[in-house]
Every structure is written in structure tokens, then in C-alpha cells.
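Me: Got a minute to go through a structure with me? Pulling it up now.
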Amino acid sequence: MATDRLLASVGFEATSIDVVAQRSGLPVTAVISELLEYELRGLVATVPGGYIRLGE
């Protein structure tokens with residue numbers, strides 16, 4: 001289950017996995033898994049250089 005802290009760690013510009021992990025305080029493996037869930041739900045998108053947050 002993804003956390004609000006994780007979503008808040010993804011910017012509206014390309015944000016790398018390492019930056020998301022650092023901002024959220026979660027291990028990279030957990031971040032990758034959680035971001036996949038968010039991507040499937042349409043909350044984030046994969047872009048060159050990492051992920052971006054969609055919407056508010």
C-alpha cells in the first residue's frame with residue numbers, strides 16, 4: 001500500500017528513484033514497489049529520469 005509520504009516525495013518534474021527514496025525515508029525496493037502501485041492507479045507516471053506526479 002502506497003503512503004501519502006511517498007506520493008509527496010514525487011515531484012511534478014522528473015524525480016529519480018534515489019531522490020524519492022531519500023525524501024520518503026523508505027528503502028529503494030519498497031519505493032519501486034509502491035510507485036508501481038501508484039502508476040497503475042494513475043497517480044504517477046514513468047518518464048525519462050524517473051517519475052512524475054500526476055494531478056494534485
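Me: Start with a polar contact: how far is the backbone nitrogen of Ser24 from a polar atom of the side chain of Ser9?
Reply: The two atoms are 3.3 Å apart, Ser24 giving the backbone nitrogen and Ser9 the side-chain atom. Keep in mind that this is a predicted model.

Me: Where does Ser9 lie?
Reply: Ser9 is in the loop between α1 and α2.

Me: And is Ser9 buried or exposed?
Reply: Buried: its relative accessible area is 4%, so it falls under the 20% cut-off.

Me: What is Ser9 in contact with, leaving aside neighbours within four places in sequence?
Reply: Thr15, Val20, Arg23 and Ser24.

Me: How about Val10, with the same neighbours left out?
Reply: Val10 is in contact with Thr15, Val20, Leu35, Val44, Tyr51, Ile52 and Arg53. Val10 also belongs to the largest nonpolar core.

Me: How many residues does that core have?
Reply: The core has 11, among them Leu6, Leu7, Ile17, Ala21, Val31 and Tyr38. The elements that each give two or more residues to it are α1 (4-8), α2 (17-24) and α3 (28-40).

Me: Switching to the whole fold, what's the pattern along the sequence?
Reply: It reads α-α-α-β-β, with 3 helices and 2 strands. The radius of gyration is 10 Å, close to the 10 Å from the globule rule for 56 residues, so the protein is as compact as a globular protein of that length.

Me: What share of the residues count as buried?
Reply: 36% of the 56. As for the surface, the protein exposes about 3,500 Å², and carbon and sulfur atoms supply 57% of that.

Methods:
Residues numbered from 1 in each chain as written. Predicted model: local features only at pLDDT ≥ 70, side-chain atom pairs only at ≥ 80, totals over all residues. Heavy atoms only, no water. Core = buried A, V, L, I, M, F, W, Y, C linked by side-chain atoms within 4.5 Å. Buried < 20%, exposed > 50% of the residue type's maximum accessible area, 1.4 Å probe, protein only. Helix = DSSP H or I, 4+ residues; strand = E, 2+ residues; numbered from the N terminus. Contact = heavy atoms within 4.5 Å. Polar contact = N/O pair within 3.5 Å; in protein donor to acceptor, adjacent residues only side chain to side chain. Rg over C-alpha atoms; globule rule 2.2 N^0.38 Å. Areas by Shrake-Rupley, 256 points an atom, 1.4 Å probe, with all protein chains shown as cover.
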